[in-house]
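Open your viewer and switch to the cartoon display. We will go from one selection to the next.

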Amino acid sequence: MRIEQLWYFKEVVESKSISKAANKIFITQQALSQALYNLETEIGVQLFIRTPKGIEVTQKGLIFYEATLKVLQNFGDLKTICWKMENDTTYEKTPIITGSLNVYCSSMILDHFVAPVVFHCNMLYPKAEINLIEKNINADILTEICQTNSIGIFCYITGEYTKNVNSDSEKNIWYERLFLDDLCIGVSLQSSLSKKKHISNEEFFQYPLAISANNLFTINQLHRKSQLHDDSSSIKIRLMTTKWQAVIQLVSENQAITVLPRQLLNLEERMNKKGIILIPFKEKYQLACSIIKTQNNINPLENIFIQEIRRNFN
């Protein structure tokens, strides 16, 4: 059994499709199917059920998946330990890590998830320098990541950038998803919208919006997906602010609606206490957060930072 087989297995389970997983990890479907077959043969367990509609993970496969996650986490930690032993023979001391790393990060997750990790690493490894740059994902940033010692940690609506995966693979770009969350519309319990099971994208843009500046990029992505994408004036922004509490107050008073991820920062429970209910989009939009970097030139600083980011999101 090879570590690559476990990684392939994890991606197929999470993608729920061999073709999607193959595109994500940049190998052919035939090679991926053969790797899964070899894995099942070696361990003597059927991990997937093949159907005309695709594949489904078996109950034993789910148990194997949970074990696989632990193995892959330990393997990442093992690489870090090896680098520590190489830089410091006593190992117990903090390793000597040098170099610099630029981290491009989406506004939505910068303050709560990424900035604390950057601060921690810069304090732990004073001879290294990690620069945090607030940027949302676009083609220019992907080019920058390819050409410099940089990585990106970006939030985007699923489907918005996955269409670029094939072209990105030619640039040697690697994606690792950190989380996947449902995008919802926050409305006051006083609003007639609170009685609905779901709200369409077009209907969402018919109401005044109160948004955090960190969410503007997500609003623009939603607008591009709507039938109103050619009319920028159709975005009725009642309030855009860096003060999150101001957004919540306006929504709770039924003066505007907003867009929020359901699970990130445990928002649903917090919103209910404020008299706000989260209603899913009819289109079932999901917000993904991924690490994006080149597949080569991995250095100890980059590896340590990625390990800390993974822990912070788990």
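How many bridges join β6 to strand β11? Keep that in mind as you go, and remember that this is a predicted model.

**Stop 1: strand β6.** Select residues 173–188. This is β6, and 13 of its 16 residues are buried, so the rest of the structure largely encloses the strand.

**Stop 2: strand β11.** Add residues 286–294 to your selection. Here is the count: nine bridges join β11 to β6, and the two strands run antiparallel. For one facing pair, pick Asp181 and Leu287; Leu287 lies in β11, opposite Asp181.

**Stop 3: strand β10.** Now select residues 276–280. This strand, β10, is joined to β6 by five bridges, again in an antiparallel arrangement. Click on Ser188, then look across to Ile276 of β10, which stands opposite.

**Stop 4: strand β9.** Select residues 258–261. β9 pairs with β6 over four bridges, and the sense is antiparallel. Which residue of β9 is the bridge partner of Cys184? Show both side chains: the partner is Leu260.

**Stop 5: helix α1.** Clear the selection and choose residues 3–15. Helix α1 has 13 residues. From first C-alpha to last it reaches 18 Å, close to the 18 Å expected at 1.5 Å a residue. Color its buried residues; among them are Leu6, Tyr8, Phe9, Val12 and Val13. Lys10 and Glu11 are buried too.

**Last stop: Lys16.** Step just past the helix. Lys16 follows α1, and its phi is positive, near 60 degrees.

Terms used:
Residues are numbered from 1 along each chain as its sequence is written. This is a predicted model: local features need pLDDT of at least 70, side-chain atom pairs count only at pLDDT 80 or more; totals for chains, interfaces and linings use all residues. Side-chain values use heavy atoms; hydrogens and water are left out. The expected span of a helix is 1.5 Å times one less than its number of residues. Buried means under 20% relative accessible area, exposed over 50%, partly exposed in between (1.4 Å probe, protein chains only). Two strands pair if DSSP finds at least two bridges between them.
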